[in-house]
Amino acid sequence: MVIRSFGDRYARWILPLPALLFIAIMMVFPILYTVRNSLTGWSLGTGTPPTFIGLQNYVALFGDQRFLAAIARTFSFTAIAVAAEGVLGVGIALLLNRTFRGRNLVSAIFLLPMMATPVAIAMVWLLIFEPTVGVANAILHKGSLPGVLWIAGPGSVIPSLAIVDIWEWTPMIALIAMAGLAGLPGDPFEAARVDGASSRQVLWHVTLPLLRPTITVAVLLRMIDALKTFDIIYTMTGGGPGFGSETLNIYAYQQAFSYYNFGYASSVLVIFFAIVLGMSLLLSYVRNAWEA
């Protein structure tokens, strides 16, 4: 008869315990603390301690036009950036999946934007988009086209910021798509060629359907990250001009550290967390439905 020690009997619980404690401390506690703060009327501007007010912050939020506009800008920025990154990233991956001279060098160059610091990228693009002496308008003037206000115009600031995000993060989707292409089975392609399918037919009816789960994962990761974008927007515009680029992240930051409304800012972050979680679950459901 083999007598197992306490460690042997409970190893499946003991071994993951440090990781579970770390997750609880670093993730669960901040979330619960933020939810608690969102139920209080905590404002450093008044000098009063946190007082429980229930759901009053949430009721006020949905009557706050600035908050509702921030939600719309957040989704607009995310939709423009992720849609373009998905199309361009998959296209680049398909191009780089071919064998040609200098392929490794070209692949390395395409991946460079992803390696740079977001704040440094924002500073460079800030100079490019400068309306009077920036490179972007200089190129337009060379082509006899009118200049654009870019990040200085309320109507153009969100698309301009999305361009920066596209430039930086398209390589990420391309990298994931390239990994997916490398893992595709060869039998469906051989069968398509035997049946006389053209390159275009193979792409649309074999390659892309097989690559769809990988593309969904890449888009899910980028969507979550794009929704949370803060550094590029804050560095380039600070939420301006006016409130023209104020997304949920920027709005929560302003409420907390400009107006010192920590309870109200916490309620913004709770709603923001719910939006990100909901979008993640939706895309995961779509991915599972496609794989079923």
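Student: Which side chain makes a polar contact with the side chain of arginine 222, and at what distance?
Tutor: In this predicted model, arginine 222 sits in helix H11, residues 199–227. Among the residues that arginine 222 touches beyond four places in sequence are Glu85 and Asp165. The polar contact is made with the side chain of aspartate 165, at 2.6 Å.

Student: Is arginine 222 buried or exposed?
Tutor: The cut-off for buried is under 20% relative accessible area. Arginine 222 has a relative accessibility of 0%, so it counts as buried.

Student: What else does arginine 222 touch, not counting residues up to four places away in sequence?
Tutor: The list includes two residues with acidic side chains, Glu85 and Asp165. The side chain of Asp165 is the one in polar contact with arginine 222 at 2.6 Å. Besides Glu85 and Asp165, arginine 222 touches Val82, Trp169, Met172 and Ile173.

Student: Where is arginine 66 found, and why does arginine 66 count as buried or exposed?
Tutor: Arginine 66 is found in helix H5, which covers residues 65–96. Buried requires a relative accessible area under 20%. Arginine 66 has 17%, so it is buried.

Student: With which side chains does the side chain of arginine 66 make polar contacts?
Tutor: Not counting residues up to four places away in sequence, arginine 66 touches Phe243, Glu246, Tyr251, Gln254 and Tyr259. A polar contact at 2.6 Å joins its side chain to that of glutamate 246. A further polar contact, at 3.2 Å, is with the side chain of tyrosine 259.

Student: Which residues does alanine 93 contact, leaving aside its neighbours within four places in sequence?
Tutor: Alanine 93 is also found in helix H5. Its relative accessibility is 0%, so alanine 93 counts as buried. Its contacts are Ala174, Ala177, Met178 and Leu181.

Student: How far apart in space are alanine 93 and glycine 41?
Tutor: In sequence, alanine 93 and glycine 41 are 52 residues apart. Taken from C-alpha to C-alpha, their separation in space is 50 Å.

Student: What separates the C-alpha atoms of threonine 247 and glutamine 56?
Tutor: Threonine 247 lies in the loop between H12 and H13. Along the chain, threonine 247 and glutamine 56 are 191 residues apart. Their C-alpha atoms are separated by 22 Å.

Student: Is threonine 247 buried or exposed, and which residues does threonine 247 touch?
Tutor: At 3% relative accessibility, threonine 247 counts as buried. Not counting residues up to four places away in sequence, threonine 247 touches Ala70, Arg73, Thr74, Thr229 and Ile233.

Student: Which peptide bond is cis, with omega near 0 degrees?
Tutor: The proline concerned, proline 241, is in the loop between helix H12 (231–236) and helix H13 (248–257). The residue before the bond is a glycine. The cis bond runs from glycine 240 to proline 241.

Student: What is the phi of tryptophan 150, and where is the place of tryptophan 150?
Tutor: Tryptophan 150 is in the loop between helix H8 (135–142) and helix H9 (157–182). With a relative accessibility of 15%, tryptophan 150 counts as buried. Although tryptophan 150 is not a glycine, its phi is positive, at about 55 degrees.

Student: What is the phi of tyrosine 260, and is tyrosine 260 buried or partly exposed?
Tutor: The place of tyrosine 260 is the loop between H13 and helix H14 (262–291). Its phi is positive, near 60 degrees, in a residue other than glycine. Partly exposed covers the range between 20% and 50%. At 40% relative accessibility, tyrosine 260 is therefore partly exposed.

Student: How many helices and strands does the protein chain have, and why is the chain called more spread out than a compact globule?
Tutor: The protein chain has 14 helices and zero strands. For 292 residues the globule rule gives 19 Å, and the radius of gyration is well over that, so the chain is more spread out than a compact globule; the radius of gyration is 24 Å.

Student: What share of the residues counts as buried?
Tutor: The C-alpha trace spans about 90 × 75 × 30 Å along its principal axes. The accessible surface comes to about 17000 Å², with 71% belonging to carbon and sulfur atoms. Of the 292 residues, the share that counts as buried is 37%.

Notes
Residues numbered from 1 in each chain as written. Predicted model: local features only at pLDDT ≥ 70, side-chain atom pairs only at ≥ 80, totals over all residues. Heavy atoms only, no water. Helix = DSSP H or I, 4+ residues; strand = E, 2+ residues; numbered from the N terminus. Rg over C-alpha atoms; globule rule 2.2 N^0.38 Å. Buried < 20%, exposed > 50% of the residue type's maximum accessible area, 1.4 Å probe, protein only. Areas by Shrake-Rupley, 256 points an atom, 1.4 Å probe, with all protein chains shown as cover. Polar contact = N/O pair within 3.5 Å; in protein donor to acceptor, adjacent residues only side chain to side chain. Contact = heavy atoms within 4.5 Å.
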